[in-house]
Amino acid sequence: MYFRDYFLQLFLGVCMLPFIYGQAISDSLTQKAYEELQKGFLTHYMQKDTVKATLYANVYLNKARKDKNQTYLVSGYYYKTLLEGNDDSKIAFLDTIINLSRDFTNKNFPTISYYDKGAYYHKHGQFKLALDNFLKALTYNKGSNKEYLGFLLNQAIGILKIEIDENEE
């Protein structure tokens with residue numbers, strides 16, 4: 001009987017350790033500033049450590065929700081978009097970003113979200129939807145990276161037009 005109780009306590013302790021440790025990490029991250037969370041996310045994302053990048057993205061997004069800060073909320077959703085493997089969820093995140101950022105002035109959103117949606121539709125052969133999103137991105141392109149994003153959008157539209165012409169022949 002003693003061995004079984006000892007084994008059960010040991011088993012539960014080992015099983016619960018990751019959850020307790022993970023909660024402690026998550027709690028310590030909530031105290032960090034947005035810039036530190038962003039840096040942590042980008043570091044782990046670039047290192048392809050999706051577990052830690054997801055942790056940072058979730059904490060960032062939850063903090064923005066709690067603070068009701070739309071600028072940070074949009075960034076948090078974008079981080080989630082970068083990590084999302086499910087296409088439907090990715091498009092849903094992009095739509096959320098577009099809805100939250102339509103009235104932003106001098107920001108790169110929703111331009112980037114429309115660009116990403118256009119790229120998604122282009123990749124999946126839905127050229128009309130791709131073109132629609134690229135054109136919407138051009139109309140919202142007023143951010144600090146206006147020239148660069150304009151170049152990318154015009155390039156994407158040009159490539160798309162070439163592919164449409166090839167498919168019509």
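Which residues line the largest pocket? The legends below take that view after an overview of this predicted model.

**Figure 1. The whole chain is built from helices.** The protein chain has eight helices and zero strands. From the N terminus on, the elements run α-α-α-α-α-α-α-α. The chain holds 169 residues, and buried residues make up 34% of them. Take the contacts between residues at least 6 apart in sequence: 48% of these join residues at least 24 apart.

**Figure 2. A view of the largest pocket and its lining.** The lining consists of Y78, T81, L82, D87, K90, I91, L94, D116, A119, Y120, K123 and H124. Three elements give two or more residues to this lining: α4 (70-83), α5 (87-101) and α6 (111-123). By type, the lining residues divide into six nonpolar, two polar and four charged. The space in the pocket comes to about 210 Å³. How can such space be found? Rolling a probe the size of a water molecule over the atoms shows where empty space is left.

**Figure 3. T81, a buried residue of the pocket lining.** T81 sits in helix α4. Its relative accessible area is 4%, so T81 counts as buried, the cut-off being under 20%. Which residues does T81 touch, leaving aside its neighbours within four places in sequence? They are K90, F93, L94 and I97. Of these partners, K90 and L94 also belong to the pocket lining.

**Figure 4. The largest nonpolar core.** This core has 34 residues. Those with the most contacts inside it are L37, F41, Y77, I97 and F134. The elements that give two or more residues to the core are α2, α3 (50-67), α4, α5, α6, α7 (127-140) and α8 (146-168). Helix α3 gives the largest share, seven residues. In soluble globular proteins, nonpolar side chains tend to be buried together. A closer look at I97 shows its partners beyond four places in sequence: V74, Y77, Y78, T81, F109 and S113.

**Figure 5. Q38 and its partners.** Q38 belongs to helix α2 (residues 34-46). Is Q38 buried, partly exposed or exposed? Its relative accessible area is 33%, so Q38 is partly exposed: that class lies between the 20% and 50% cut-offs. Beyond its neighbours within four places in sequence, Q38 is in contact with Y60 and Y79. The side chains of Q38 and Y79 are joined by a polar contact of 3.1 Å. Y56 is 18 residues away from Q38 along the chain, yet their C-alpha atoms are separated by 7.6 Å.

**Figure 6. Backbone details in three loops.** Most residues other than glycine have a negative phi, and most peptide bonds are trans. Where does the model depart from this pattern? The peptide bond from F109 to P110 is cis, with omega near 5 degrees. P110 lies in the loop between α5 and α6. K48 is not a glycine, but has a positive phi of about 60 degrees. The loop between α2 and α3 holds K48. With a relative accessible area of 71%, K48 is exposed, because the cut-off is over 50%. K68, also not a glycine, has a positive phi of about 55 degrees. K68 is placed in the loop between α3 and α4. Its relative accessible area is 73%, so K68 is exposed by that cut-off too.

Note on methods:
Residues numbered from 1 in each chain as written. Predicted model: local features only at pLDDT ≥ 70, side-chain atom pairs only at ≥ 80, totals over all residues. Heavy atoms only, no water. Helix = DSSP H or I, 4+ residues; strand = E, 2+ residues; numbered from the N terminus. Buried < 20%, exposed > 50% of the residue type's maximum accessible area, 1.4 Å probe, protein only. Contact = heavy atoms within 4.5 Å. Polar contact = N/O pair within 3.5 Å; in protein donor to acceptor, adjacent residues only side chain to side chain. 1 Å grid on protein atoms, 1.4 Å probe; cavity = no way out; pocket = protein on both sides within 12 Å on 5 of 7 lines; lining within 4 Å. Points joined across faces, edges and corners; volume = space filled by probe spheres on them. Nonpolar A, V, L, I, M, F, W, Y, C, P; charged D, E, K, R; others polar. Core = buried A, V, L, I, M, F, W, Y, C linked by side-chain atoms within 4.5 Å.
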